[in-house]
Amino acid sequence: MSDRHMSQHFETLAIHAGNTADPLTGAVVPPIYQVSTYKQDGVGGLRGGYEYSRSANPTRTALEENLAALEGGRRGLAFASGLAAEDCLLRTLLSPGDHVVIPNDAYGGTFRLFAKVVARWGVEWSVADTSDPAAVRAALTPKTKVVWVETPSNPLLGITDIAAVAQIARDAGARLVVDNTFATPYLQQPLALGADVVVHSLTKYMGGHSDVVGGALITSDADLGEELAFHQNAMGAVAGPFDSWLVLRGTKTLSVRMDRHSENAVKVADMLTRHARVTSVLYPGLPEHPGHEIAVKQMKSFGGMVSFRVEGGEEAAVEVCNRAKVFTLGESLGGVESLIEHPGRMTHASAAGSALEVPADLVRLSVGIENADDLLEDLQQALGQ
């Protein structure tokens with residue numbers, strides 16, 4: 001983060017960090033540098049440090065500076081997808097024979113990366129309930145190099161005490177990685193709580209409009225930032241200039257969108273707790289949620305993701321998804337429009353039969369920024385009143 005942004009509030013950073021006016025025209029929005037290579041001022045004389053857009057691109061640089069500022073980090077790196085960011089991080093931090101602790105409630109794609117890709121490289125992993133610090137400590141081995149956390153988690157909305165788990169990881173000589181996709185830096189600041197690296201799927205709330213795929217890594221460790229940048233360039237799964245521009249546009253309105261997402265989600269969760277066909281509501285904003293007190297401590301508000309379980313099992317849950325009208329049946333999350341899905345058959349199908357398998361009667365909502373009354377009415381009719 002540059003010195004001039006150190007004292008600025010989040011909403012101001014979101015609009016101004018990385019968004020310097022174009023020096024040629026004064027345009028207040030950074031241009032899309034749709035370019036692969038750059039004219040050099042003599043052999044080895046790079047103009048502004050740019051030579052080839054896999055290594056660096058001005059539009060991507062603007063986004064990376066913005067991301068670092070929003071997360072309170074020193075280095076941000078933007079990738080072609082969230083999983084591309086995770087892959088780069090794991091190959092930077094790990095070697096064959098190392099061990100990772102992963103959550104028992106993680107995004108299906110993250111689980112697939114560990115179970116089907118990283119494991120073939122000789123990296124071992126084990127599962128722990130990261131909402132229980134004692135369980136994390138018990139899962140550590142002398143080979144543990146990384147503790148991986150999602151909070152809130154996907155799709156069961158579990159909450160992990162970031163500060164407590166950061167201390168456990170630090171004591172063991174391991175790094176703590178926090179996937180902050182659900183919360184966003186507006187609601188939660190993992191680096192300030194002791195995390196070593198923050199991961200984002202920029203596809204979700206950071207982009208915010210369901211029109212871009214991207215990922216990011218942010219760290220406060222300058223040396224680690226350099227290592228990650230080396231691997232980003234060496235592996236090449238970088239964010240393109242137009243994708244970077246779209247996410248940079250999205251972060252400008254992140255705070256106002258997250259306020260509305262959270263406001264609507266509270267109303268949805270409250271209605272669901274009172275519905276006769278709903279057996280359980282998973283939302284950290286509810287006082288009865290087991291992680292509520294931790295969420296109050298480390299989050300500004302509770303976000304736009306709500307999961308719930310319905311009576312009647314899997315087929316009933318699928319029926320609710322199919323009957324929704326305002327809620328669009330689809331994967332992904334974090335856009336302005338509300339989405340509904342069945343995790344067991346959709347986003348988390350890769351975890352079937354594992355310790356991360358999700359309940360068959362679970363429905364996941366990404367609560368959008370539409371009028372809340374319309375959302376409530378739609379869910380009521382989908383549930384059959």
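The following questions and answers concern a predicted model.

Visitor: How many aromatic pairs does the structure hold?
Guide: A pair of aromatic rings is described by the distance of the centres and the angle of the planes. Tyr 38 and Tyr 50 form one such pair, with 5.6 Å from centre to centre. In total, the number of aromatic pairs in the structure is six.

Visitor: Is the aromatic pair of Tyr 38 and Tyr 50 stacked, edge-to-face or tilted, and which angle lies between the planes?
Guide: Planes under 30 degrees apart would count as stacked, and planes over 60 degrees apart as edge-to-face. The angle between the planes of Tyr 38 and Tyr 50 is 35 degrees, so the pair falls into the remaining class and is tilted.

Visitor: How many residues apart are Tyr 38 and Tyr 50, and where do they lie?
Guide: Both Tyr 38 and Tyr 50 lie in the loop between helix H1 (10–16) and helix H2 (58–71). The pair links distant parts of the chain, and the separation is 12 residues.

Visitor: Is Tyr 38 buried or exposed?
Guide: Buried means under 20% relative accessible area. Tyr 38 has a relative accessibility of 16%, and therefore it counts as buried.

Visitor: What kind of aromatic pair do Phe 111 and Trp 125 form?
Guide: The centres of the rings of Phe 111 and Trp 125 are 5.7 Å apart. Their planes stand at 90 degrees, and because an angle over 60 degrees counts as edge-to-face, that is the class of the pair: edge-to-face.

Visitor: Which elements hold Phe 111 and Trp 125?
Guide: The two residues are 14 residues apart, and their pair links distant parts of the chain. Phe 111 belongs to helix H4 (residues 108–117), and Trp 125 to strand E3 (residues 124–128).

Visitor: Does Trp 125 count as buried, partly exposed or exposed?
Guide: Its partner Phe 111 has 6% relative accessibility and counts as buried. For Trp 125 the value is 29%, which lies between the limits of 20% and 50%, so Trp 125 counts as partly exposed.

Visitor: Which helix gives the most to the largest nonpolar core?
Guide: In soluble globular proteins, nonpolar side chains tend to be buried together. Here the largest nonpolar core has 65 residues, and those with the most contacts inside it include Leu 272, Val 281 and Phe 308. Seven residues of this core come from the helix that gives the most, helix H10 (residues 254–273).

Visitor: How many residues make up the other core, which includes Phe 111?
Guide: This core lies apart from the largest one. Among its residues are Phe 111, Phe 114, Val 177 and Val 197, and its residue count is 28.

Visitor: What is the volume of the largest cavity?
Guide: Rolling a probe the size of a water molecule over the atoms shows where empty space is left. A search of the whole structure finds one cavity of 30 Å³ or more. The volume of the largest cavity is about 30 Å³.

Visitor: Which helix gives the largest share of the lining of the largest cavity?
Guide: The lining includes Leu 63, Phe 79, Asp 243, Ser 244 and Val 247. By class, it has seven nonpolar, two polar and one charged residues. The largest share, three residues, comes from helix H9 (residues 241–252).

Visitor: What distance separates the C-alpha atoms of Pro 30 and Thr 59?
Guide: Pro 30 is placed in the loop between H1 and H2. With 8% relative accessibility, Pro 30 counts as buried. Pro 30 and Thr 59 are 29 residues apart along the chain, while their C-alpha atoms are separated by 6.7 Å.

Visitor: What is omega for the peptide bond that joins Thr 151 and Pro 152?
Guide: Most residues other than glycine have a negative phi, and most peptide bonds are trans. Pro 152 is found in the loop between strand E4 (144–150) and helix H6 (162–171). The bond joining Thr 151 and Pro 152 is cis, with an omega of about -5 degrees.

Visitor: What is the phi of Thr 184?
Guide: Thr 184 lies in helix H7 (residues 184–187). At 1% relative accessibility, Thr 184 counts as buried. Although Thr 184 is not a glycine, its phi is positive, at about 70 degrees.

Definitions and conventions: Residues numbered from 1 in each chain as written. Predicted model: local features only at pLDDT ≥ 70, side-chain atom pairs only at ≥ 80, totals over all residues. Heavy atoms only, no water. Phe/Tyr/Trp six-rings, centres within 6.5 Å; stacked < 30°, edge-to-face > 60°. Helix = DSSP H or I, 4+ residues; strand = E, 2+ residues; numbered from the N terminus. Buried < 20%, exposed > 50% of the residue type's maximum accessible area, 1.4 Å probe, protein only. Core = buried A, V, L, I, M, F, W, Y, C linked by side-chain atoms within 4.5 Å. 1 Å grid on protein atoms, 1.4 Å probe; cavity = no way out; pocket = protein on both sides within 12 Å on 5 of 7 lines; lining within 4 Å. Points joined across faces, edges and corners; volume = space filled by probe spheres on them. Nonpolar A, V, L, I, M, F, W, Y, C, P; charged D, E, K, R; others polar.
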